[in-house]
Structures are given as structure tokens and as C-alpha cells.
Amino acid sequence: MSLKEFAGQLPDFAKDIRLNVGSLLNEAVLNDQRKYGLLLTCAHGSGYKPLVEAAEAECAPKLSPEAATAARAAAAVMAMNNVYYRFTHLAGNQEYRNMPAKLRMNVIGAPGIDKIDFELFSLAVSAMNGCGMCIDAHEAVLKKSGVSAEIIQTAVRIAAVMQAVATTHSAVA
């Protein structure tokens, strides 16, 4: 099932979400690796299996195996990092910020695709998970590498819409 068909199952009160999915699929700001990589990353980041299955079907013909693996890896590693770094950021005790994380996250250094694309995937999931520290860190890398605000905003729009699809569908399925 395509993402558009999946979104078409949303109730009428979520018509805006359905329309936004269609808009994202026609998005021209991002190249296909970024667009479909973000859709797949955010589906996995949502943790909602029916959306993951639709995104996998939609993205399979558009992404290389390496890009699909990197998208999944970004969602997985950010699921861990966003919890840890959100804690260190929000905890009143500043001591935690200076302690080593002791978490394996090798995929960030060697994602198997262009580092900037992986950073964009990581930023989107960090936005979904509400980790301000991770958002700032990934956005800084992207800006330093010359990525435009429009591309960054588009990545976060994809995250917002995919999270809305997962949340709404899971509530009515």
C-alpha cells in the first residue's frame, strides 16, 4: 500500500493530514534520496508498524539499499540518543552533561550514505522526539555544511506530517 493510500484511510477530521501527505510526496525541494529517506526514517521513528509497512513499500523502489538502511539506522539511533540527551539537557543536575554517554552510536560516523543526508534524517527524528539538544546539534552541522533553511524546514515538515499520520491512524484503526 502506498503512503497516499495509507493516508487516505484517515478520517475526514484529518483531511489536512491527508492533503499534506500528498504535498510531501510531490515535494520538489529535496532530491529523492532525501525525500524518501526522510519519509522512511520518520515512519520508523513513529514506531507505528502499519505506517512503517506503507513507507517501506513506498520507498523501496526509490532508495538504494544503503540509503534505506541508513534511514532505519537514523531512526534507531535517535530513539536512543533523543532520550539520553533530552535527559541530560532537562535534568537540573548539570553533572550529567559532563559524563560520557557510554552509548554505541558508530552509525553516526559511518552511515553508509552522504553524511549530510544522515544528519537531515537524524534532525527529523529528533524533532519528532522533542530533543532540543539533538535538534541544535544536527541543525548546526547542517547549517555549517551549507544546507539551506528551506531544506531543514522541509525535513521537519515531513517529520510533523508523518507523526500526525501515525498518531491519528493509531487512534482510529
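This briefing walks through a few helices, salt bridges and surface features of the structure above. What you're looking at is a predicted model, so local features need pLDDT of at least 70 and side-chain atom pairs count only at pLDDT 80 or more, while totals for chains, interfaces and linings use all residues. Residues are numbered from 1 along each chain as its sequence is written, and side-chain values use heavy atoms, with hydrogens and water left out. Helices (H or I, at least four residues) and strands (E, at least two) are DSSP runs, numbered from the N terminus.

**Helix H2 and its two sides**

- Start with helix H2, residues 15-25, where Ile17, Val21, Gly22, Leu24 and Leu25 are buried. Buried here means under 20% relative accessible area, exposed means over 50%, and partly exposed is in between (1.4 Å probe, protein chains only).
- These buried residues sit on the same side of H2, because they cover an arc of only 165° around the axis. That arc is taken from the directions from the helix axis to the C-beta atoms.
- Flip to the other side of H2 and you'll find Asp16 and Leu19, which are exposed.
- The buried residues of H2 pack against four helices: H1 (3-8), H3 (32-46), H4 (49-59) and H9 (149-172).

**Salt bridges**

- The whole structure has 6 salt bridges. To count, a side-chain nitrogen of Lys or Arg has to be within 4 Å of a carboxyl oxygen of Asp or Glu.
- One of them joins the side chains of Arg157 and Glu27, at 3.2 Å from N to O. Arg157 belongs to helix H9 and Glu27 to the loop between H2 and H3, so this pair ties together parts that are 130 residues apart in sequence.
- Arg157 is partly exposed at 32% relative accessible area, whereas Glu27 is buried at 11%.
- Another salt bridge links the side chains of Glu56 and Arg72, at 2.8 Å from N to O. With Glu56 in helix H4 and Arg72 in helix H5, the pair ties together parts that are 16 residues apart in sequence.
- Glu56 is partly exposed, with a relative accessible area of 22%, and Arg72 is partly exposed too, at 31%.
- Lys49 also forms a salt bridge with Glu53, and their closest N and O atoms are 4.0 Å apart. Both residues lie in helix H4, 4 residues apart, or about one turn of the helix.
- In general, an α-helix has 3.6 residues a turn, so residues three or four places apart point the same way.
- Lys49 is exposed at 58% relative accessible area, while Glu53 is partly exposed at 46%.

**Helix H5: a buried Asn and a patch residue**

- Asn81 is found in helix H5, which covers residues 65-90, and Asn81 is buried at a relative accessible area of 3%.
- Leaving aside neighbours within four places in sequence, Asn81 is in contact (heavy atoms within 4.5 Å) with Arg86, Leu103, Met105, Ile108 and Cys134.
- Phe87 lies in helix H5 as well, and counts as partly exposed at 41% relative accessibility.
- Together, Phe87, Tyr96 and Met99 make a nonpolar surface patch of about 270 Å². Patches are made of residues with over 30% relative accessible area and no salt bridge; like charges are joined within 9 Å, and nonpolar side chains (Val, Leu, Ile, Met, Phe, Trp, Tyr) within 5 Å. Accessible areas come from the Shrake-Rupley method with a 1.4 Å probe, and for residues only the protein chains shown count as cover.

**What the record says**

- UniProt lists residues 95-172 for "domain: Carboxymuconolactone decarboxylase-like", in an unreviewed entry. UniProt positions are given in the numbering used here, feature names are shortened, and annotations may be inferred rather than shown by experiment.
- In the model, residues 95-172 are 72% helix and 0% strand, and the end C-alpha atoms of that span lie 43 Å apart.
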